[in-house]
Amino acid sequence: MTINTYQTNIIKKENLNIDTLYFQLKKPANYDFKPGQFLQIFFENLKRSYSIFSKPSDETIDLCIKCLAGGEASEIFKNITVGENIKISDPMGHFIINEDDVERTYVATGSGIAPIVSMLRTSLEDYAHKSKIYLLFGIRYEEDIFYIKELEELSNKYTNFSFDFTLSRPSENWKGNTGRVSAHLPSKITDKKNNQFYLCGSPDMVKDIRKLLIDSDVDMKNIKFEIF
Ligand SMILES: Cc1cc2nc3c(=O)[nH]c(=O)nc-3n(C[C@H](O)[C@H](O)[C@H](O)COP(=O)(O)OP(=O)(O)OC[C@H]3O[C@@H](n4cnc5c(N)ncnc54)[C@H](O)[C@@H]3O)c2cc1C
């Protein structure tokens, strides 16, 4: 299969937290993708996949990239600057939503929020879905918190959308939810039959949550996941 590639350039680079970067790329003409898809970025001798954080109707392609200590691409992203060119692939992947207005439950950890933000915003802002949408977002430390203000704005504007976030390694002063997403999910699932589940994050989280859902009689065909 031939993969089309595009030269684009970086128009914005910001820190979302201490090690997570937000990039805005110029969108090539006719670059169509589905909410939840990812693209590949090509460097010399190196290729990595990144989910698209923006929604298809946005004018730019946005990415949310966690820089791993010693990671090859991470080091490049830390040093890359606005205006530099970057080579990307066509959008790829089947971790997507369609226009069906059905109940959906999302579980994300860390930068696993990237494809889910694209799905949530498309569903609420563009498809005008009215079914219940719930997001459970797991973050490690207080200083890692990002994108919560934007999620609060979405939940204030769209009454069918609600979310919780939980810190797995909080300080003793933290007053919000603590523990892993697996500790909070069971009490949040109201409908197991007519609910589509989307999981994105570390292999361990996806494995645990899939098991938890399957053990709770959720049909496997209603569980979609992407592992980073
Ligand atoms: C479909 C898909 C979508 C993705 N979307 C996103 C996204 O939206 N955002 C995001 O942040 N990530 C995403 N990822 C992950 C991303 O593709 C990269 O894997 C990630 O950025 C790390 O790449 P890297 O080159 O920086 O690290 P790598 O060089 O691949 O290293 C990974 C880790 O292993 C360690 N390591 C490397 N070599 C060794 C060694 N010899 N011994 C011990 N440790 C070692 C590194 O220090 C680092 O911590 C996605 C992955 C997939 C498959």
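Leaving aside its neighbours within four places in sequence, which residues is Ile113 in contact with? The legends below take up this question along with several others, and they describe a predicted model.

**View 1. The whole protein, with its helices and strands.**
Welcome to the overall fold, where five helices and twelve strands make up the protein's regular elements. The C-alpha trace spans about 45 × 40 × 35 Å along its principal axes. A compact globule of 228 residues would have a radius of gyration near 17 Å, and the protein agrees with this because its own value is 17 Å. Of the 228 residues, 30% count as buried. If we take the contacts between residues at least 6 apart in sequence, 71% of them join residues at least 24 apart.

**View 2. Two domains and the contact they share.**
The domain assignment divides the protein into domain 1 (5-89) and domain 2 (104-227). Their centres, taken over C-alpha atoms, are separated by 23 Å. Domain 1 brings 18 residues to the contact, and domain 2 brings 17 residues. On the side of domain 1 that touches domain 2, strand β5 (residues 60-66) supplies the largest share, with four residues. Sorted by class, this side of domain 1 holds ten nonpolar, six polar and two charged residues.

**View 3. The largest nonpolar core, with Ile113.**
Here we look at the largest nonpolar core, a set of 45 residues. Leu63, Val107, Ala108, Ile113, Ile116, Leu135 and Ile209 are the ones with the most contacts inside it. Both domain 1 (5-89) and domain 2 (104-227) give residues to this core, so it lies between them. Now back to the opening question: beyond its neighbours within four places in sequence, Ile113 is in contact with Cys64, Ala108, Phe137 and Tyr147.

**View 4. Tyr147, a contact of Ile113.**
Tyr147 sits in the loop between β8 (133-139) and α3 (148-157). Is Tyr147 buried or exposed? Tyr147 is buried, because 20 other C-beta atoms lie within 10 Å, and 20 is enough to meet the cut-off for a buried residue. Its phi is near 65°, a positive value in a residue other than glycine.

**View 5. Asn30, in a loop of its own view.**
The loop between β2 and β3 (38-43) holds Asn30. Although Asn30 is not a glycine, it has a positive phi of about 60°. Asn30 counts as exposed because it has 6 C-beta neighbours inside 10 Å.

**View 6. Asp19 and its partners from farther along the chain.**
Look for Asp19 in the loop between β1 (5-15) and β2 (20-26). With 17 other C-beta atoms within 10 Å, Asp19 is partly exposed. Leaving aside its neighbours within four places in sequence, Asp19 is in contact with Lys66 and Cys67. Asp19 and Ile65 are 46 residues apart along the chain, and their C-alpha atoms are separated by 8.3 Å.

**View 7. The shell around the ligand.**
In this last view, 20 residues surround the ligand, and the closest are Leu68, Gly70, Gly71, Ala73 and Ser74. The elements that give two or more residues to this shell are β4 (46-51), β5 and α1 (72-79). Which of them gives the most to the shell? It is β4, with four residues. Each of domain 1 (5-89) and domain 2 (104-227) contributes at least three residues to the shell. By class, the shell has nine nonpolar, seven polar and four charged residues.

How values were computed:
Residues are numbered from 1 along each chain as its sequence is written. This is a predicted model: local features need pLDDT of at least 70, side-chain atom pairs count only at pLDDT 80 or more; totals for chains, interfaces and linings use all residues. A residue is buried if 20 or more other C-beta atoms lie within 10 Å of its own, exposed if 12 or fewer, and partly exposed in between; C-beta atoms are placed from the backbone. Two residues are in contact if their C-beta atoms, placed from the backbone, lie within 7 Å. A nonpolar core is a set of buried Ala, Val, Leu, Ile, Met, Phe, Trp, Tyr and Cys residues joined through C-beta atoms within 7 Å. Domain bounds come from an automatic or database domain assignment. Ala, Val, Leu, Ile, Met, Phe, Trp, Tyr, Cys and Pro count as nonpolar, Asp, Glu, Lys and Arg as charged, and the others, Gly among them, as polar. A residue is near a molecule or strand if its C-beta atom, placed from the backbone, lies within 6 Å of it. The radius of gyration is taken over C-alpha atoms; the globule rule is 2.2 Å times the number of residues to the power 0.38.
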